[in-house]
Amino acid sequence: MIGGTKASIARICFLLTFLGTACSQSISDPTYNPDEVSTNLGEVESRENGPDLEFRYHDHDQMTRYLRSVSARYPALTALYSIGKSVQGRDLWVMVVSASPYEHMIGKPDVKYVGNIHGNEAVGRELILHLIQYLVTSYDTDPYIKWLLDNTRIHLMPSMNPDGFAISKEGQCDNTYGRHNARRYDLNRNFPDFFKANTKQPQPETEAIKEWISKIQFVLSGSLHGGALVASYPFDNTPSARICRSSVLCSVFQSYAHTPSIAPDDDVFRHLSLVYSNNHAKMSRGVSCKQGSPKFDKGITNGAAWYPLTGGMQDYNYLWHGCMEITLEISCCKYPPAHELPKYWQDNKQSLIKYLAEAHRGAHGFVMDENGNPVERAAIKVKGRDVTYHTTKYGEFWRILLPGTYRIDVSGEGYLPQEVEFIVIDSHPTLLNITLHSAKGYISKAVGVPSGTSLKTTSLPTATTSPVQDGAIVFPED
Ligand SMILES: *[C@@H]1O[C@H](CO)[C@@H](O)[C@H](O)[C@H]1NC(C)=O
Ligand SMILES: [Zn+2]
């Protein structure tokens, strides 16, 4: 899965330093020279408020300068890293915004946004830059943002497809020029697929993402797109329909079938999508972008019910890494004129922030052995939800769940499996510490449910209360 070149090893090490892992390989990313940061500062930094960010499109160099100047200006709140390079050698930048930008906070979630996976869908790219600006400048004055950054590491990738963006044209609303990477691959069809074999050659941008999300346990994610106004949730792909006999007919049938492909966490995905659409200025109205294009009830849709696709990023995040990702289509026009950007920022600002806070919903905790040591890669499975999450090397896990009573099965190699019942309430996450007992010596004994499970809820500021209180979510018809 991971290319073995020297360059990519250097990149892994670069990334690992952000995870607090020792790395003997020297870091030699020629394009990331920390000394350059200060020399670039004068050009873009205004005297009082830090780096300026205008409402206009930023090409790759301008974006790079902006990100560097923010990281120089806000060293305690930001860290800039590159997860790799595009086909044409452009860095795939990620800015972490958090009270702990350089180190994972044990027990606290990491979340992300990825923008511009389709190079000509440009609004998300700029909104992520504005989100960075907003977060760093609000930390001292807005208690909600302070709480969010104190308790979350937010990884923001403005552009996953900088090469496609470089050839895209402002004002182009509907065409596909610039959508693909420089080798003409659609990056949102380039991931391994659970339902169907994906024979597309993996691209460097996709490989970089795969490596990144295998290194950091992201809890929640959004992928920003344009060309529609809807929050679309897994699954994007669907098992082959049995009535299909020829593959041509099959794909024709499936493209027009509009059959939802229901994920085990369908209720949670619908909720997350509603958080985005309900906090958006107009997404939840579900008005179609233009005549003939679909309307989306409440501004959300199951991905496959809209149209099925193979090799998408959101299904991969969820099924491979237990990261709940949805696809956010935030502009009817893929690359609108720059003067419309302030409106897009106003429309999406609240959604972008409230959505990330949803990482704090549900249950989280640690799986430990009898000596209190973390159990890595313990399998966590909520009964009735056929998807397995795994603990991190610190034994951490997160499971976003709506209010209710749940049972989970926890198992680890060499340990007795354990079943734990717990409740989730609306306003606070449930903390679950689970102790697994060694399987040794238990073979001939009668096994009861081992004790040592602690269950309690922690208090968070009232600002974390969910913006969506509506428990009666109706499945979209479209
Ligand atoms: C849960 O486990 C973590 C990690 O060992 C520990 O820091 C925390 O204090 C524990 N909390 C409770 C309530 O047991
Ligand atoms: Zn797109």
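**A covered strand, a bent helix and some unusual backbone angles**

In this predicted model, Asp110 stands opposite Arg153 in strand β6. That contact belongs to the pairing of strand β5 (residues 110–115) with β6, which runs in the parallel sense over 5 bridges. Strand β4 (residues 91–97) also pairs with β6, but in the antiparallel sense and over 3 bridges, and here Met95 has Leu156 as its bridge partner.

Strand β6 itself spans residues 153–157, and 5 of its 5 residues are buried. In a regular strand the side chains alternate between the two faces of the sheet. In β6 both faces are covered, with Arg153, His155 and Met157 buried on one side and Ile154 and Leu156 buried on the other.

Helix α12 (residues 341–357) has 17 residues and reaches 24 Å from its first C-alpha to its last, close to the 24 Å expected at 1.5 Å a residue. The helix nevertheless bends by about 45° at Asn348, and Asn348 is one of its buried residues, which also include Leu341, Tyr344 and Leu356.

The loops hold some backbone exceptions. Most residues other than glycine have a negative phi, and most peptide bonds are trans. In the loop between β8 (228–233) and α8 (247–257) lies Phe235, joined to Pro234 by a cis peptide bond with omega of about 0°. Lys298, in the loop between α9 (266–279) and β9 (300–302), is not a glycine and yet has a positive phi of about 65°. Arg377, in the loop between β11 (363–368) and β12 (379–382), likewise has a positive phi, near 55°. Lys298 is buried because 21 other C-beta atoms lie within 10 Å, whereas Arg377 is exposed, with 12 other C-beta atoms within 10 Å.

Technical notes: Residues are numbered from 1 along each chain as its sequence is written. Chains are lettered from A and ligands numbered from 1 in the order in which they are written. This is a predicted model: local features need pLDDT of at least 70, side-chain atom pairs count only at pLDDT 80 or more; totals for chains, interfaces and linings use all residues. Helices (H or I, at least four residues) and strands (E, at least two) are DSSP runs, numbered from the N terminus. The expected span of a helix is 1.5 Å times one less than its number of residues. The bend at a residue is the angle between axes fitted to the seven residues ending there and the seven starting there. A residue is buried if 20 or more other C-beta atoms lie within 10 Å of its own, exposed if 12 or fewer, and partly exposed in between; C-beta atoms are placed from the backbone. Two strands pair if DSSP finds at least two bridges between them.
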